[in-house]
4 protein chains.
Amino acid sequence: MKAAIVGATGIVGQQFIVALSGHPYIEISALAGSTRSAGQKYGDAVRTPAGASQWFCEEPCDKSVKDMTVQLSTDLRAEDYDVIFTGLEADTARELEPLYAKTTPVISTASAFRYEPDVPLLVPGVNPEHAKLLDIQRKNRGWKGYITPNPNCTTIGLAITLKPLHDAFGVRTVLMTSMQALSGAGRSGGVLGMDILDNVVPYIPKEEQKVQRETQKILGSLNAEGIEDAPFAVSCTCTRVNVQDGHTESVFVALDKPASVDDVKAAIEAFNKAVRTDLPSAPQNMITVTEDPFHPQPKWDRMTEGGMSTVVGRIREDHALPNGVKYVLLSHNTKMGAAKGCVLTAEMLAREGYIKR
Amino acid sequence: MKAAIVGATGIVGQQFIVALSGHPYIEISALAGSTRSAGQKYGDAVRTPAGASQWFCEEPCDKSVKDMTVQLSTDLRAEDYDVIFTGLEADTARELEPLYAKTTPVISTASAFRYEPDVPLLVPGVNPEHAKLLDIQRKNRGWKGYITPNPNCTTIGLAITLKPLHDAFGVRTVLMTSMQALSGAGRSGGVLGMDILDNVVPYIPKEEQKVQRETQKILGSLNAEGIEDAPFAVSCTCTRVNVQDGHTESVFVALDKPASVDDVKAAIEAFNKAVRTDLPSAPQNMITVTEDPFHPQPKWDRMTEGGMSTVVGRIREDHALPNGVKYVLLSHNTKMGAAKGCVLTAEMLAREGYIKR
Amino acid sequence: MKAAIVGATGIVGQQFIVALSGHPYIEISALAGSTRSAGQKYGDAVRTPAGASQWFCEEPCDKSVKDMTVQLSTDLRAEDYDVIFTGLEADTARELEPLYAKTTPVISTASAFRYEPDVPLLVPGVNPEHAKLLDIQRKNRGWKGYITPNPNCTTIGLAITLKPLHDAFGVRTVLMTSMQALSGAGRSGGVLGMDILDNVVPYIPKEEQKVQRETQKILGSLNAEGIEDAPFAVSCTCTRVNVQDGHTESVFVALDKPASVDDVKAAIEAFNKAVRTDLPSAPQNMITVTEDPFHPQPKWDRMTEGGMSTVVGRIREDHALPNGVKYVLLSHNTKMGAAKGCVLTAEMLAREGYIKR
Amino acid sequence: MKAAIVGATGIVGQQFIVALSGHPYIEISALAGSTRSAGQKYGDAVRTPAGASQWFCEEPCDKSVKDMTVQLSTDLRAEDYDVIFTGLEADTARELEPLYAKTTPVISTASAFRYEPDVPLLVPGVNPEHAKLLDIQRKNRGWKGYITPNPNCTTIGLAITLKPLHDAFGVRTVLMTSMQALSGAGRSGGVLGMDILDNVVPYIPKEEQKVQRETQKILGSLNAEGIEDAPFAVSCTCTRVNVQDGHTESVFVALDKPASVDDVKAAIEAFNKAVRTDLPSAPQNMITVTEDPFHPQPKWDRMTEGGMSTVVGRIREDHALPNGVKYVLLSHNTKMGAAKGCVLTAEMLAREGYIKR
């Protein structure tokens, strides 16, 4: 499967490169970027003229990738690739992704198309049946390809943990407070060190609306007209804390039916078993439950199953809400919450025939 | 007014010294500590033999205090003082405070007696009428003095912000997630740097129960038998973040009656006006409302009115809860939440005749 | 004394406002900025349209300053002011400061003119006699005013601590490693949180050359032709650490004559006594010596004497260098090292008749 | 090769377990600890009764290790093992290690025996010839085994980088300032979060003397009587910064012969080539030179070659010292600087016949 990565020199692009390094059947066949990097070898494009590295992943960049020449993203011949991964800002995504989608599946981390009615927010293991919306999208837009964006990095862990609760007990109300990592803000709009040292910033513009809308869409049901939002209310307060990677979320949920702590754990276990784990990037367990009351902690738990498993701890009954439960979750915002999650989606779409191999 | 400080060399004791420095009518007349420091000059007792400072307040220690000799806390002649401030661990408090209270009012940061039925949790401006419970306590126990502990540092800001909401609209349900500062853990049980760097710890033992019980008690109503807990449910998840001072709390509240954002602000303003501000340590505004969506932030806002005002921001309606509102609060855990809050309580008790001047 | 502040909305400009707040004889008479802020009330100019505060000092901004209208810096009528403080980037400083200097003394934090032969780097208490170079500068350039920049924030503490050593024992070689605070990088080129969390960055572009050249100039001797650099070698490695304010420097010095630890302390004490402390912003002691082996620490010691005293600890003999001594110093980079240091310079120049009152 | 790990539940013991996980020929055959953990399964011993994990390595603990029963360290039958790794505090090491050494080689991270004349400080690749001192030690003490401690974690990177300089140009003087990671302080004496947040601590008790003495010993020459210290002076200031792992050191060196930057790099390259890399834990390059001026950075570079390569950057000539060079190094204090370095030493000693296989 030949893949192109667009926005390849940015931090999300770098994470796509890492996520595809050594992939059993997806090959990085093209790297594309803006005029600033086009025409350069990738290894040079992620280094300043003064020699300072602009490669921001812990994992090194493969030598073979460093030697590839970066193409101009507006010149990319999309039809030459089986799938295009884009790590663009929303504005550029809105412009470029439809051009690529005429011929080729586009899997994106950008928010540009997330809220359009014929665009699904796929989370393999949670709503694979929403992939059928891509058929409608193709028909609507006259495209051979399609656009399917990853959900927001704060949404994805929340949606994953609500899935077994919703299936087993019915979710009625969700109240969530996030403590989000610095890497979630990206680099261009990144938080300054002096603004986050010894601090918490209790607001992340647009984040809360994204979480609220996307959670309802992901857990909604697909019918002939499109996705009907899940019929529960989501309310949240999103904050930034001084953590490198890994979003922590404190969640309170009111359910339709009562559920004990053991009931919740059993529902999670059943969910884990039901999810197919035959994709190369899929975790063995979508959700890892920890019994250690001091966990999940971002520093220690974010890399559980390579950052692809959502870690849940502190599961308790909540007596303030009707049929209430509460818990803390941790989701790796740059792994399952971004590039690697998109690769997992690509694998699932390939399995289901939406990407040809 | 002659005050003794017990546990004087500990961090809370140090904060008492700072809170009383230059006080218009409370004089530090005695410092007491364990056998480790008794008999030493205070200035020497807060320094290791190798010369390393063990003084942990930003404000310097007064020269006159440094020259005072530390007494042994078990030898303190309580009757010689008008008030005793204690900054002890719960175990020691349980043992020593009743001895002092035989003759003298004891104002404490320890949790030892907080949950006894004849012990109020006074927050000047919120529940001054609970002081009458001290008469019952004296009678019950045959003491001339009494014990009145400060609430837990995470509770106090929550209770203050709920007060105007409860009075104006009726509080039905409270769901809170805290992001607590390092100084809240004290030094002996303090969090290691390597455990909190690049991390969030989603559990603080015993903290959540304290917040839940104390909030209901503070906002409860005093009747002949004692305090009847406020009739609303409180549920919370308490976490530790890498912040020096200042507890941030994300709060969701269901009310009995609907309230717009402006209604909430008006209720807060009315509350601020109704509170007497004629005590030396009292803030001009119990609650400071910020319109800046990125605030309150612990680094920038914790010292509002010397750390005695609770800062509230991000007030929004919440559509997930019935008559819901949500907001973020910041409370300085070692100022209003500890020693300086106790000094404010002492001032209020002196005004009301519970401490003689 | 009427002062204008240019670059008033930037972080250095804000620090000038704080440094002049309540000043006994310097009045903030004008605030100037770029087209982005010109024409706005200052209070609005340091707030985004969405209401987010862009005021980055711990001290609040005076109400009277908030109500002043920001002028366009290119329109400023310099002749209307007795002194102009500028907190500009080097490029803009190079352009604007000479225009102002035609009529008015300019005291600047920019590096633009630091290395010109007729421009002194004044540190009150260290080289007040270099002020005479301003006469030469005026004659050379045909200006009524002049430009006198503050030294680099890393240089100033080093120069202050070398002064008594050089006077008493002769400095031969200086080897310094700095651990610099985040605020030293400013905001526009500020370090991202994710780049400094759990990290040290061992390079600050251009910083080392600045320290080496400026230290020699500050401690040089003024003769008829200008300043002759101090005849010792300075070598340094400048690093960035995760600290808000306060540059820590580890210094090794070879002297011409042997000096014991007590000799060094005596030389510092003599220096402190010799320096005039009759200026409003001057510290009582240019250098504060700490005997606590764990200090100076930026968090606890940077605000010594309002950030105007350089704190020195860990003074030891060094047997690796000829007549060697070593110590650790701490200097507040945004107080003595920037705006407040410029205000001190203004006070000294006023006393010496270089600014009319 | 059968290995016992003593102090197995401590953080160094855990690092030994990680360092030996999957080792080609060293097998963990016994775990020993104090009375607190003896008799428990290892998996239980690194967990509190309340279920909180006390396992502090990023790498997980092997299931087979978790199931091993911890022995009492005073009961360990040393003769049953081919090598004993100890991660004890100095006091306990002084008592226990000689008992084990009667029959068995002991490789230790403790400082207890480092300064005894018949005890080498082995750094494979730097001074393998010092292993011969073990023969003298055996004879002196009448032991079948011996004690060989790892050098201090701050020393080891310095000694490695000085080795090629000393061989090629002769080292005359070394001046070093360290910026050390939190994990270097261990857990029992660990730095509190509130003491290091927004801070640098400019003193680490005993550290500077260790570095000075050990560097001279490691690079000294072995003769019939023992090791003659290297004939150069080492002076240092050791500080603690808010970094998890990885000690950064700013080094200034005066050489006997002049050396350009290229000469230094060539000497390092020659050294890398000369060192045997045929041991399982050995890095391909003892020293990794980075040309990026912003590196080495602990966050990004500490795991170079699994934490076993010392990363050197910012190599410059230094004109303040005779034949001066300066550079910044980074060494992983809990990998090469502790347990994994001991394992490398064991491999080298096995190759040289000092441990039987």
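**Exercise 1.** By what turn, and with what shift along the axis, can chain D be laid on chain C?

*Solution.* In this predicted model, chain D is laid on chain C by a turn of 180 degrees together with a shift of 0.0 Å along the axis, and the RMSD is then 0.0 Å. That is the relation of a two-fold axis. As a further step, consider the surfaces through which the copies meet: 97% of the interface residues of chain D are also interface residues in chain C, so the copies meet through the same surface.

**Exercise 2.** Describe how chain C relates to chain A, and find which residue of chain C comes closest to the rotation axis.

*Solution.* Begin with the superposition, in which a turn of 180 degrees and a shift of 0.1 Å along the axis lay chain C on chain A with an RMSD of 0.0 Å. Next, look along the axis itself, where Gly193(C) is the residue of chain C that comes closest, its C-alpha lying at 1.7 Å. Finally, compare the contact residues: 100% of those of chain C recur in chain A, and the same surface serves both copies.

**Exercise 3.** Is helix 8 of chain B largely enclosed by the rest of the structure or not, and what covers its buried residues?

*Solution.* First check the length: at 1.5 Å a residue, the twelve residues of this helix (residues 207–218) should span 16 Å, which agrees with end C-alpha atoms 16 Å apart. Then turn to burial, where nine of the twelve residues are buried, so helix 8 of chain B is largely enclosed by the rest of the structure. Among the buried residues are Val211(B), Thr215(B) and Ile218(B), as well as the charged-end pair Glu207(B) and Glu208(B).

Notes. Residues are numbered from 1 along each chain as its sequence is written. Chains are lettered from A and ligands numbered from 1 in the order in which they are written. This is a predicted model: local features need pLDDT of at least 70, side-chain atom pairs count only at pLDDT 80 or more; totals for chains, interfaces and linings use all residues. Copies are superposed by least squares on the C-alpha atoms of residues with pLDDT of at least 70 in both. Two residues are in contact if their C-beta atoms, placed from the backbone, lie within 7 Å. Helices (H or I, at least four residues) and strands (E, at least two) are DSSP runs, numbered from the N terminus. The expected span of a helix is 1.5 Å times one less than its number of residues. A residue is buried if 20 or more other C-beta atoms lie within 10 Å of its own, exposed if 12 or fewer, and partly exposed in between; C-beta atoms are placed from the backbone.
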